[in-house]
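Work through the following exercises with the sequence and the model side by side. Try each task before you read its solution.

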Amino acid sequence: MAGRIGLITGAGSGIGRVSALALWEAGYSLALAGRREQALRETVAMAKIGADRALVVPTDVSDRQAVLRLFAAVKERFGRLDLLFNNAGINAATPTEELTEDQWLSVVNVNLNGAFWCLQEAYKMMKTQEPRGGRIINNGSISAQVPRPNSAVYTATKHALTGLTKSTALDGRAYDIACGQIDIGNARTEMTERMERGILQANGEVAVEPTMDSRHIADAVVYMANLPLSVNVPFITVMANGMPFMGRG
């Protein structure tokens with residue numbers, strides 16, 4: 001495991017942060033990307049690791065030129081990439097008829113376009129580096145399977161990400177690139193605080209939903225990352241057991 005290089009987007013908080021801490025524990029060196037430099041540096045400080053095992057690159061993944069600079073920095077610092085955790089994402093919980101053009105485009109640009117820009121650059125690097133290959137993990141969310149109310153743009157991007165995962169898993173086989181997706185349900189982060197206060201259900205009621213320790217997500221990411229490239233987990237769902245996912249709707 002020593003010497004493996006990973007890149008996490010959205011690494012300044014939530015799932016990205018806890019996954020970074022777990023991957024450092026597993027022996028990875030990591031590049032951290034996100035919009036807020038201070039938050040990224042706080043993630044590094046929490047790990048208490050040597051500076052040689054961390055690279056902070058403030059990045060807006062919806063900006064393709066910024067993504068190109070991110071991957072150039074990774075290549076210059078580490079020389080290769082073994083793992084991309086495509087984790088950055090945003091939401092706009094708005095009734096369909098009220099979604100503005102700006103809301104639609106901002107979510108699509110981060111969740112889908114940004115994920116593709118990062119995946120494409122990782123794919124290029126993994127295809128040509130020696131030894132060849134690597135692993136890409138996309139954060140799909142359980143909204144890649146079923147929607148919540150008022151989630152048209154978020155659900156659309158996450159369903160699209162599933163197609164991107166499948167295509168990349170297929171195309172990457174020839175180059176020892178494994179691509180899988182982790183669909184997460186109610187991991188306890190800043191984003192799930194509203195679920196513990198009550199969130200709109202499909203029947204119109206507002207109900208408190210169970211959440212789970214986000215470390216369970218990090219453990220799943222490490223499990224996927226540790227597999228040999230001859231093995232892939234195309235899809236894995238990790239969710240709070242009591243949440244209304246089975247039978248949702």
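**Exercise 1.** Find which residue of S3 stands opposite Ala33, and trace how the chain crosses from S2 to S3.

Solution. Ala33 stands opposite Val57 in S3. Strand S2 (residues 29–34) and S3 run parallel and are joined by 5 bridges, where two strands pair if DSSP finds at least two bridges between them. Between S2 and S3 the chain passes through helix H2 (residues 37–47), and this β-α-β crossover is right-handed (with the strands pointing away from the viewer, the path from the first strand over the helix to the second runs clockwise). In strand S3 (residues 54–58), 4 of the 5 residues are buried, that is, under 20% relative accessible area, with exposed meaning over 50% and partly exposed in between (1.4 Å probe, protein chains only).

The model is predicted, with local features needing pLDDT of at least 70 and side-chain atom pairs pLDDT 80 or more, while totals for chains, interfaces and linings use all residues. Residues are numbered from 1 along each chain as its sequence is written, and side-chain values use heavy atoms, leaving out hydrogens and water.

**Exercise 2.** Decide whether Thr168 is buried or exposed, and list what Thr168 touches.

Solution. Thr168, in helix H5 (residues 152–171), has 5% relative accessibility and therefore counts as buried. Leaving aside residues up to four places away in sequence, Thr168 touches Leu119, Tyr123, Ile136 and Cys179 (contact means heavy atoms within 4.5 Å). One of these, Tyr123, is also buried, with a relative accessible area of 17%.

Note on methods:
Helices (H or I, at least four residues) and strands (E, at least two) are DSSP runs, numbered from the N terminus.
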